[in-house]
There are 2 protein chains.
Amino acid sequence: MDGRPRYLWVADRLRRPILNGELEPGTRLPSRSRLARTYDVSEQVSRHALRLLVSEGLVEARPGSGYYVRPVPQIHRFSRTDRTSGSGVDPLERSDLGTQTDAVCGAVARRLGVRDGERVFRTRCLGMSDGAPVALHTAWEPAALTQGTLRTPADSEPGTSVLQRLAAAGVIIDRVVEEVGVRPLREPESSLLHLAPGLPVLVVERTHYSGRRPVETSDLVGSVDHCRLLYRLSLARAPRKPR
Amino acid sequence: MDGRPRYLWVADRLRRPILNGELEPGTRLPSRSRLARTYDVSEQVSRHALRLLVSEGLVEARPGSGYYVRPVPQIHRFSRTDRTSGSGVDPLERSDLGTQTDAVCGAVARRLGVRDGERVFRTRCLGMSDGAPVALHTAWEPAALTQGTLRTPADSEPGTSVLQRLAAAGVIIDRVVEEVGVRPLREPESSLLHLAPGLPVLVVERTHYSGRRPVETSDLVGSVDHCRLLYRLSLARAPRKPR
DNA sequence: AAGTGGTCTAGACCACTAT
DNA sequence: TAGTGGTCTAGACCACTTA
């Protein structure tokens, strides 16, 4: 009965009833010293087990109070193929962080097909769920596109769709490319989202094209526990010819 | 200079040169005892710092040898909108795990719109990168659809596209819905992928429809470090009318 | 044989919460 | 005031890699 590390064994004992629903969300777990006594292990072991469950997202630590079974997070589905509506965090309540001009850095410059240091508008907003931020949308757009018009992101009603705004400026967006991945949360984002840096987050790098020219690109960074992406794809037209 | 936990401070010291590229991938980091001495902290602190970097995916621990800057993993982009080719792990080398009939369980039954216990074909394959598995594709399809024909997954050449195979059986797939999310790796998958259970993985739940009827559904489970999803969407047609 | 990472023990202090 | 989680110290043994 040994082979496995003891902390994994303790974690298993707690994980089972949580996943089975025998422990209601919000239930307080035994404290780390209590666990150490009942399973006859050192406190470091119970600590390690509890931190493992926290890292798995099953348990929440409230310092000074205890460990609690996490409430099942509300899952939000981001429909990525309905382009009728607007901002980047669509099913969620939006909290705007404003627009500023910026000199564009390496990766974003490449995505926009512009030189390093080119001026861009950067627009950010948070997606809120139950008052807590769960997604961050950051959009970059060459300032040259709309500078001097009333169609800049700063001049427009927050939440206006890029498609509508740029169409009004005479730029027709006809193609979108999205790259979806997961990476650890980094610093400017983590404080905005009130999540620990290093936590894995879902990332959608989206670029809007007008013909061959990229005209806007954005990052959607979303909590892995709250966010799903939904793609509805139609194959109505005849299958494409093999290239 | 204190406020912050010491282990975070030590981790920062190591993270900076790794992200800047000053420490080449493959470089060995100072051992935990060495780190403890140079920064004048206890070994538990250096240990904590190093484990943090491991959890962030920046560093790899080789027991008995040391901590190493992780080689940049090869990233594979799964194009989810090119339907010309076949299997579920497309840009990767495929390793087939065969087809078996099964009684379908809860969630998958719902996705297929069939009763619990209905017979389905379950087909699995691994996607390999440099000889190591990085993605697992599991597809379910009601046995009733093709039973008795030569168009069952078991009778067809492995890697045949579902669209082609079912089209040959008279079932025209005209719609695809994909739901993308992240969840901890579970047991049957973790041993097939040789990854630790609990590790976050990218999951694509895809369902193929023939009109309103779901005819095939599958899970693509991929290592977060190696897998990206690529969606190329055309907005060529006039924007849809608001519903 | 020496060094390393993984695990473990047995203590400790602090800021915070609950009562 | 007692209990809690977060952090920290100073040791230890084991299996493994490296030389």
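**Note on the predicted model: DNA strand C, Glu141(B) and the A/B interface**

1. In this predicted model, a base nitrogen of DNA strand C sits 3.0 Å from an N or O atom in the side chain of Gln44(B). Arg47(B) also reaches a base: an N or O atom of its side chain is 2.5 Å from a base oxygen of DNA strand C. Ser31(B) addresses the backbone instead, with a polar side-chain atom 3.4 Å from a phosphate oxygen of the strand.

2. How many residues surround DNA strand C? There are 25, and the closest are Arg6(A), Ser42(A), Arg32(B), Arg47(B) and Tyr67(B). Of the atoms of DNA strand C that come within 4 Å of the protein, 65% belong to sugar and phosphate. By class, the surrounding residues divide into 7 nonpolar, 10 polar and 8 charged.

3. Both chains supply elements to this surface. Chain A brings helix H1 (6-20) and helix H3 (43-55), each with at least two residues. On the same criterion, chain B brings helix H2 (32-39), helix H3 (43-55), strand S1 (59-62) and strand S2 (66-69).

4. Is Glu141(B), a residue of strand S6 (residues 132-142) of chain B, buried or exposed? Glu141(B) counts as buried because its relative accessibility is 2%, under the 20% cut-off. Beyond its neighbours within four places in sequence, the contacts of Glu141(B) include Leu112(B), Val120(B), Phe121(B), Val162(B) and Leu166(B), as well as Arg165(B) and Glu216(B). Glu216(B) is 75 residues away along the chain, yet the two C-alpha atoms are separated by 4.6 Å.

5. Turning to the two protein chains, 37 residues of chain A are in contact with 36 residues of chain B. The size of an interface is often given as the accessible area lost when the parts come together. Here chain A and chain B bury about 3200 Å² between them, with 59% of it on carbon and sulfur atoms.

6. Across the interface of chain A and chain B there are 2 salt bridges and 10 residue pairs in polar contact, both residues at pLDDT 80 or more. One of the salt bridges joins Arg77(A) to Glu179(B), where the closest N and O atoms are 3.1 Å apart.

7. Which elements give two or more residues to the side of chain A that touches chain B? They are strand S7 (175-184), strand S8 (200-210) and strand S10 (227-234) of chain A. S7(A) gives the most, with 9 residues. By class, this side of chain A has 18 nonpolar, 6 polar and 13 charged residues.

Note on methods
Residues are numbered from 1 along each chain as its sequence is written. Chains are lettered from A and ligands numbered from 1 in the order in which they are written. This is a predicted model: local features need pLDDT of at least 70, side-chain atom pairs count only at pLDDT 80 or more; totals for chains, interfaces and linings use all residues. Side-chain values use heavy atoms; hydrogens and water are left out. A residue is near a molecule or strand if one of its heavy atoms lies within 4 Å of it. A polar contact is a pair of N or O atoms within 3.5 Å; within protein, one must be able to donate a hydrogen and the other to accept it, and residues adjacent in sequence count only if both atoms are side-chain atoms. Helices (H or I, at least four residues) and strands (E, at least two) are DSSP runs, numbered from the N terminus. Ala, Val, Leu, Ile, Met, Phe, Trp, Tyr, Cys and Pro count as nonpolar, Asp, Glu, Lys and Arg as charged, and the others, Gly among them, as polar. Buried means under 20% relative accessible area, exposed over 50%, partly exposed in between (1.4 Å probe, protein chains only). Contact means heavy atoms within 4.5 Å. Buried area is the accessible area (1.4 Å probe) that two parts lose on being put together, summed over both. A salt bridge is a side-chain nitrogen of Lys or Arg within 4 Å of a carboxyl oxygen of Asp or Glu.
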